[in-house]
Amino acid sequence: MLKGKKAVITGGSRGIGKAIALKFAENGADIAIIATRESEEASETVKELSELGVRAGLYVCNIRDPEQAESTAREILSDFGSADILVNNAGITRDNLLAGLKNEDIDDVIDVNLKGCMFVTRAFIRSFVKQHGGSIINISSVVGLMGNKGQTVYAASKAGIVGFTKSVAKEYGRKNIRCNAIAPGYITTDMTAALSEAQTEEMKKAIPLSRLGSPGDVAGLALFLGSDMSSYITGEVIKVDGGMYV
Ligand code: NAI
């Protein structure tokens with residue numbers, strides 16, 4: 001479905017990003033992963049991708065730094081020749097009630113989740129314009145749509161991604177560049193590993209499908225949005241949440 005396509009995935013070394021990278025590679029895409037640092041986990045992911053017979057590379061970049069975002073994009077475009085799909089997946093949480101949030105918690109979450117998404121998208125947008133095509137997929141969250149106690153800054157960063165996604169869709173649609181967002185619900189990854197069994201059970205009660213999601217559940221939608229099957233879809237925010245927020 002993605003044969004001959006090249007995809008860039010931020011935070012692609014683990015969790016949801018890794019599942020998207022594997023799904024894209026299984027469907028024939030070459031993959032550039034962006035990660036904050038080299039690690040065994042990241043090398044293992046690149047190895048798994050290469051074993052699927054595609055080109056795969058790891059690019060170390062802290063996306064909150066606009067200069068690193070620009071230089072990494074240049075490096076990827078030079079190595080791969082072009083890019084067709086960008087998945088802005090990297091994200092962090094610093095959960096606390098508003099009164100307990102430190103200045104640096106607020107800065108960290110906005111810098112990585114929202115500004116990082118903008119910096120990386122801006123770094124690739126000229127190449128998409130030049131080739132008159134591209135699919136940008138931003139990973140938001142259902143809490144960006146519904147809000148959540150203890151997640152004020154995280155929810156704000158994810159709501160910001162929704163506004164950014166719709167604006168990019170309007171600004172670049174005539175250049176055949178699509179921009180959509182995925183809003184996952186509770187997905188089992190390192191990010192949600194901190195939840196207790198009791199919290200997990202409580203959460204399941206609020207989910208019509210009665211289970212937490214898997215990274216693969218998100219990857220399926222990413223594949224659809226990255227491929228030509230969704231060629232007339234842009235500016236959308238699609239939930240993958242087992243019906244949690246309907
Ligand atoms: P994770 O913590 O397993 O993975 C996040 C990835 O982002 C890691 O690879 C990390 O190295 C990377 N990253 C963090 N800061 C970075 C930076 N400054 N520069 C470059 N890379 C950086 O988390 P998970 O669960 O896989 O989340 C992926 C995305 O999905 C995040 O944006 C998260 O907010 C979102 N999401 C996750 C949900 C869940 O239930 N797990 C629910 C809704 C949204």
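**View 1. His132, in the loop between α4 and β5, is partly exposed in this predicted model.** The relative accessible area of His132 is 44%, and with the buried class ending under 20% and the exposed class starting over 50%, that value lands in between, so "partly exposed" is the label. Check the backbone here too: phi of His132 is near 55°, a positive value in a residue other than glycine.

**View 2. Asn176 sits in the loop between α6 and β6 (177-184).** Asn176 is not a glycine either, and its phi is positive, about 65°. How exposed is Asn176? Its relative accessible area is 43%, which makes Asn176 partly exposed.

**View 3. Helix α1 spans residues 15-26 and is mostly covered.** The twelve residues of α1 reach 17 Å from first C-alpha to last, close to the 16 Å expected at 1.5 Å a residue. Nine of the twelve are buried: Ile16, Gly17, Lys18, Ala19, Ile20, Ala21, Leu22, Phe24 and Ala25. What does the covering? The elements packed over those buried residues include β1 (6-10), β2 (30-35), α2 (40-50), β4 (85-88), β5 (134-139) and α8 (215-226). After α1 comes Gly28, with a positive phi near 100°.

**View 4. Ala25 is a residue of helix α1.** Its relative accessibility is 3%, so Ala25 counts as buried. Leaving out neighbours within four places in sequence, Ala25 is in contact with Ile31, Leu49, Leu52 and Val54. If you want a distance to check, take Met1: its C-alpha and that of Ala25 are separated by 9.9 Å, with the two residues 24 apart along the chain.

**View 5. Helix α3 (residues 66-80) has the span you'd expect.** At 1.5 Å a residue, its 15 residues should cover 21 Å, and the end C-alpha atoms are indeed 21 Å apart. Buried in α3 are Ala69, Glu70, Thr72, Ala73, Ile76, Leu77 and Phe80. Among the elements covering these buried residues are β1, β2, β3 (56-60) and α4.

**View 6. Thr72 is found in α3.** Its relative accessibility is 5%, so Thr72 counts as buried. Which residues does Thr72 touch, not counting those up to four places away in sequence? The contacts are Ile34, Tyr59, Val60 and Cys61.

**View 7. Helices α3 and α4 pack at an angle of about 35°.** Their axes are 8 Å apart, and the crossing is right-handed. On the α3 side, the meeting residues are Pro66, Ala69, Glu70, Ala73, Ile76 and Leu77. On the α4 side, they are Phe119, Val120, Arg122, Ala123, Phe124 and Ser127.

**View 8. Helix α4 (residues 103-131) crosses helix α6 (residues 152-172) at roughly 15°.** The two axes come within 9 Å. That angle makes α4 roughly parallel to α6, because angles under 35 degrees count that way. The crossing of α4 and α6 is right-handed. From α4, the interface takes in Ile106, Val109, Ile110, Asn113, Leu114, Cys117, Met118, Thr121, Ile125 and Val129. From α6, the partners are Val153, Tyr154, Ser157, Lys158, Gly160, Ile161, Phe164 and Tyr172.

**View 9. The disulfide count comes to zero.** Why no bond for Cys61? The closest cysteine sulfur to that of Cys61 is in Cys117, 13 Å away, which is too far for a bond. For Cys117 the closest cysteine sulfur is in Cys179, at 7.3 Å, again too far for a bond. A disulfide would need the sulfur atoms within 2.5 Å. Cys61 is buried, with a relative accessible area of 2%, and Cys117 is buried as well, at 3%.

**View 10. Ser227 lies in the loop between α8 and β7 (237-240).** Is Ser227 buried or exposed? Ser227 is buried, with a relative accessible area of 0%. Setting aside residues up to four places away in sequence, Ser227 touches Met1, Leu2 and Arg178.

Conventions: Residues numbered from 1 in each chain as written. Predicted model: local features only at pLDDT ≥ 70, side-chain atom pairs only at ≥ 80, totals over all residues. Heavy atoms only, no water. Buried < 20%, exposed > 50% of the residue type's maximum accessible area, 1.4 Å probe, protein only. Helix = DSSP H or I, 4+ residues; strand = E, 2+ residues; numbered from the N terminus. Expected span 1.5 Å × (residues − 1). Contact = heavy atoms within 4.5 Å. Axes fitted to C-alpha atoms, helices over the stretch in contact; angles between N-to-C directions. Parallel < 35°, antiparallel > 145°, perpendicular 65-115°, else oblique. Left-handed = near helix turned anticlockwise from the far one by under 90°.
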